[in-house]
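These are my notebook entries on a single protein chain. I set down what I looked up, entry by entry.

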Amino acid sequence: MGEYISDKVKRSLAEFRYNLRLLRATTEYSGKELANKMGMAEKRVIDLEEGRMPPKIEDAIIIANFFNITLSDLFSRIELDIPSQRKDP
């Protein structure tokens, strides 16, 4: 990404990565398990968490829908106080 990216966009992408890690932790799913649950490739989820690539809008929609949050929440710092959503024993 050699082109100019505003500080606001950089912050939003950092918040997205933080939130994705935080949300995954609430489910106690591994990257592979979460990817399977959302119908995404494991590598894609890991790359998104680690910031190796920016999210496509489709990725953001899938993630927001899976966790029942808004796109706005996904790209801004969220504070979670929710129990684990993992359904498996």
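The entries below run from the whole chain to single helices and then to charged pairs.

**Entry 1: basis of the values**

I worked from a predicted model, in which local features need pLDDT of at least 70, side-chain atom pairs count only at pLDDT 80 or more, and totals for chains, interfaces and linings use all residues. I numbered residues from 1 along each chain as its sequence is written, and side-chain values use heavy atoms, with hydrogens and water left out.

**Entry 2: the chain as a whole**

I looked up the secondary structure first and found five helices and zero strands. I took helices (H or I, at least four residues) and strands (E, at least two) as DSSP runs, numbered from the N terminus. The order of elements from the N terminus is α-α-α-α-α.

I then looked up burial, where buried means under 20% relative accessible area, exposed over 50% and partly exposed in between (1.4 Å probe, protein chains only). Of the 89 residues in the protein chain, 33% are buried. The accessible surface is about 5800 Å², and carbon and sulfur atoms hold 52% of that surface. These areas come from the Shrake-Rupley method with a 1.4 Å probe; for residues, only the protein chains shown count as cover.

I also looked up contacts (heavy atoms within 4.5 Å). Among contacts with a separation of 6 or more, 62% are between residues 24 or more positions apart. As one long-range pair I noted Val9 and Phe75, which are 66 residues apart in sequence and 9.4 Å apart in space, C-alpha to C-alpha. Val9 is in helix 1 and is partly exposed, at 41% relative accessibility.

**Entry 3: helix 4**

Which residues of helix 4 are buried? In this helix, residues 57-67, I found Asp59, Ala60, Ile63, Ala64 and Phe67 buried. Seen down the helix axis, these buried residues fall within an arc of 125°, so they line one face of helix 4. The arc is that of the directions from the helix axis to the C-beta atoms. On the face turned away from the buried side I found the exposed residues Ile57 and Asn65.

I next looked up the packing partners of the buried residues of helix 4, which are helix 1 (7-27), helix 2 (31-38), helix 3 (42-50) and helix 5 (71-74). Just after helix 4, Asn68 has a positive phi of about 55°.

**Entry 4: helix 2 and its crossing with helix 4**

In helix 2, I found Gly31, Leu34, Ala35 and Met38 buried. Their arc around the axis is only 100°, which puts them on the same side of helix 2. The buried residues of helix 2 pack against helix 1, helix 3 and helix 4. Gly39, just after helix 2, takes a positive phi of about 75°.

At what angle do the axes of helix 2 and helix 4 cross? I read a crossing of roughly 95°, with the axes coming within 10 Å. Axes are lines fitted to C-alpha atoms, for helices over the stretch in contact, and angles run from 0 to 180 degrees between N-to-C directions. Helix 2 and helix 4 are therefore roughly perpendicular to each other; 65 to 115 degrees counts as roughly perpendicular, under 35 as roughly parallel, over 145 as roughly antiparallel and the rest as oblique. Leu34, Lys37 and Met38 of helix 2 make the contact with Ile62, Ile63, Phe66 and Phe67 of helix 4.

**Entry 5: salt bridges**

I searched the whole structure for salt bridges (a side-chain nitrogen of Lys or Arg within 4 Å of a carboxyl oxygen of Asp or Glu). The search finds six.

- Arg24 pairs with Glu49, with the closest N and O atoms 2.5 Å apart. Arg24 lies in helix 1 and Glu49 in helix 3, so the pair ties together parts that are 25 residues apart in sequence. Arg24 is partly exposed at 21%, whereas Glu49 is buried at 8%.
- Arg44 and Asp59 form a salt bridge at 2.3 Å, N to O. This pair links Arg44 in helix 3 to Asp59 in helix 4, 15 residues apart. Arg44 is buried at 15%, and Asp59 is buried at 8%.
- Asp47 and Arg52 form a salt bridge at 2.7 Å, N to O. Asp47 is buried at 2%, whereas Arg52 is exposed at 53%.

I closed with a network of salt bridges that links Lys43, Asp47, Glu50 and Arg52.
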